[in-house]
Structures are given as structure tokens and as C-alpha cells.
Amino acid sequence: GLVAEVDDALLGAFGELEVIDVDRALQALARENSSFAQVIEMHYFGGLTAAEMALATGKSIHIVQHELRFARAWLRRQMAAE
């Protein structure tokens with residue numbers, strides 16, 4: 001189902017982590033920078049490409065790609081610290 005696909009996508013993206021750890025890290029990211037959390041959610045939960053996210057948010061594709069790269073790096077650091 002969709003939930004399993006989302007779980008697999010997140011675990012594949014962030015390594016062998018518990019989904020609860022990923023969720024906790026996403027909540028922390030949202031508190032730090034809601035825009036970065038939004039692009040992670042749109043990409044991994046919504047399956048949107050950078051171009052689709054740019055259209056949805058009204059941002060340039062370059063800004064979306066930057067936010068996605070930064071957000072992934074932030075999440076990796078956050079989850080490595082746990």
C-alpha cells in the first residue's frame with residue numbers, strides 16, 4: 001500500500017532508520033525551517049519532482065533543489081545525532 005511505499009522511500013533515502021525516527025527528525029526540521037520540511041514531505045510523501053514542487057510553491061526550480069539538498073543534509077545530521 002501507499003504507507004508501505006512511503007516508509008520504503010523514506011528508509012531508502014535515509015538508511016536503516018525507524019520511521020518514528022524519521023518522523024521525529026521531520027518535526028524538528030519543521031520547527032527549524034518549515035519550507036525545508038515542506039519540500040521533503042512533497043518529495044518523499046507526495047512523490048513530486050523538483051519541477052512539480054517549483055510549480056506548486058511558486059519558487060524557482062533552483063531554489064527548490066537547493067532546499068531539498070539542504071533539508072536532506074540537515075535530516076541526515078539530525079538522525080545521526082540520535
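This is a short walk through a predicted model, from the overall fold down to a few side chains.

Let us start with the whole chain. The protein chain has five helices and zero strands, so its elements, taken from the N terminus, simply run α-α-α-α-α. Of its 82 residues, 30% count as buried. The chain exposes about 4,900 Å², and carbon and sulfur atoms supply 55% of that area. If you look at the contacts with a sequence separation of 6 or more, 57% of them come from residues 24 or more positions apart.

Now turn to helix α3, which covers residues 34–45. How does its length compare with what is expected? With 1.5 Å a residue, its twelve residues should span 16 Å, and the end C-alpha atoms are 15 Å apart, which agrees. At the N-terminal end, N33 acts as a cap: one of its side-chain oxygens lies 3.1 Å from the backbone nitrogen of S35. Just after the helix, G47 takes a positive phi of about 75°. Which residues of α3 are buried? They are S35, F36, A37, V39, I40, M42 and Y44. As background for reading such a list, an α-helix has 3.6 residues a turn, so residues three or four places apart point the same way.

Several of these residues meet E67, so that is a good next stop. E67 sits in helix α5, residues 61–81. Is E67 buried or exposed? Its relative accessibility is 8%, which is under the 20% cut-off, and therefore E67 counts as buried. Leaving aside residues up to four places away in sequence, E67 touches S35, F36, V39 and K59. With S35 there is also a polar contact, in which the two side chains are joined at 3.2 Å. S35 thus appears both in this contact with E67 and, through its backbone nitrogen, in the cap made by N33.

F36, another residue that E67 touches, leads us to the aromatic rings. How many aromatic pairs does a search of the whole structure find? It finds one. The rings of F36 and F70 have their centres 4.9 Å apart and their planes at 50°, and because that angle falls between the limits of 30 and 60 degrees, the pair is tilted. F36 lies in helix α3 and F70 in helix α5, so the pair ties together parts that are 34 residues apart in sequence. The two partners can be described by their accessibility as well: F36 counts as buried at 10%, whereas F70 is partly exposed, with a relative accessible area of 37%.

Terms used: Residues numbered from 1 in each chain as written. Predicted model: local features only at pLDDT ≥ 70, side-chain atom pairs only at ≥ 80, totals over all residues. Heavy atoms only, no water. Helix = DSSP H or I, 4+ residues; strand = E, 2+ residues; numbered from the N terminus. Buried < 20%, exposed > 50% of the residue type's maximum accessible area, 1.4 Å probe, protein only. Polar contact = N/O pair within 3.5 Å; in protein donor to acceptor, adjacent residues only side chain to side chain. Contact = heavy atoms within 4.5 Å. Expected span 1.5 Å × (residues − 1). Areas by Shrake-Rupley, 256 points an atom, 1.4 Å probe, with all protein chains shown as cover. Phe/Tyr/Trp six-rings, centres within 6.5 Å; stacked < 30°, edge-to-face > 60°.
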